[in-house]
Amino acid sequence: MKTLIACRTCGREISPNAEACPHCGEKLKSNQTATGLLAAIIIGLIIGLVVYFAITGPSNSEVKMNKTLLEEQRELGRKVGEWNELAKRAGR
Ligand SMILES: [Zn+2]
């Protein structure tokens, strides 16, 4: 005994296993699969983005911070060298 379902388009009883409505030709299974696939893709994208930002976000800013720190240290070293030279010249 088969349990029939009502077609979403024409409302007639059709088999739930039917890929398309035999009365109006409305596709049933492919539509459901497409919707499920879309939802899975969107969920996957969201999870992927969250993981991506969780992994790359902090490390990127850390690298940038390290770079600016290094640059500041180099500049400080240059200034200290200049000051030392000035002090030597002034001492003479
Ligand atoms: Zn139908």
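## How confident is the model?

What pLDDT does the chain average, and what share of the residues score at least 70? This is a predicted model, and the chain averages a pLDDT of 84, with 85% of the residues scoring at least 70.

That confidence isn't spread evenly over the elements. Strand β2, covering residues 13-14, has the highest value in the chain, at 92. Helix α1, which runs over residues 29-91, has the lowest, at a mean of 82.

## The overall layout

Time for a quick tour of the chain. You'll find one helix and two strands here. Start at the N terminus and the elements come in the order β-β-α.

What about burial? Of the 92 residues in the chain, buried ones make up just 2%. Now take the contacts between residues at least 6 apart in sequence: 0% of these join residues at least 24 apart.

## A look at I5

I5 belongs to strand β1, which spans residues 5-6. Is I5 buried or exposed? The answer sits in the middle: I5 has 13 other C-beta atoms within 10 Å, so it is partly exposed, given that a residue counts as exposed at 12 or fewer and as buried at 20 or more.

Which residues does I5 touch, once its neighbours within four places in sequence are left aside? Those contacts are with I14 and P16. There's a distance to go with this, too: I5 and S15 are 10 residues apart along the chain, and their C-alpha atoms are separated by 6.2 Å.

## Just before the strand

T3 lies in the segment before β1. This residue counts as exposed, because it has 7 C-beta neighbours inside 10 Å. T3 and E13 are 10 residues apart along the chain, and 9.4 Å separates their C-alpha atoms.

Note on methods. Residues numbered from 1 in each chain as written. Predicted model: local features only at pLDDT ≥ 70, side-chain atom pairs only at ≥ 80, totals over all residues. Helix = DSSP H or I, 4+ residues; strand = E, 2+ residues; numbered from the N terminus. Contact = placed C-beta atoms within 7 Å. pLDDT = per-residue confidence, 0-100.
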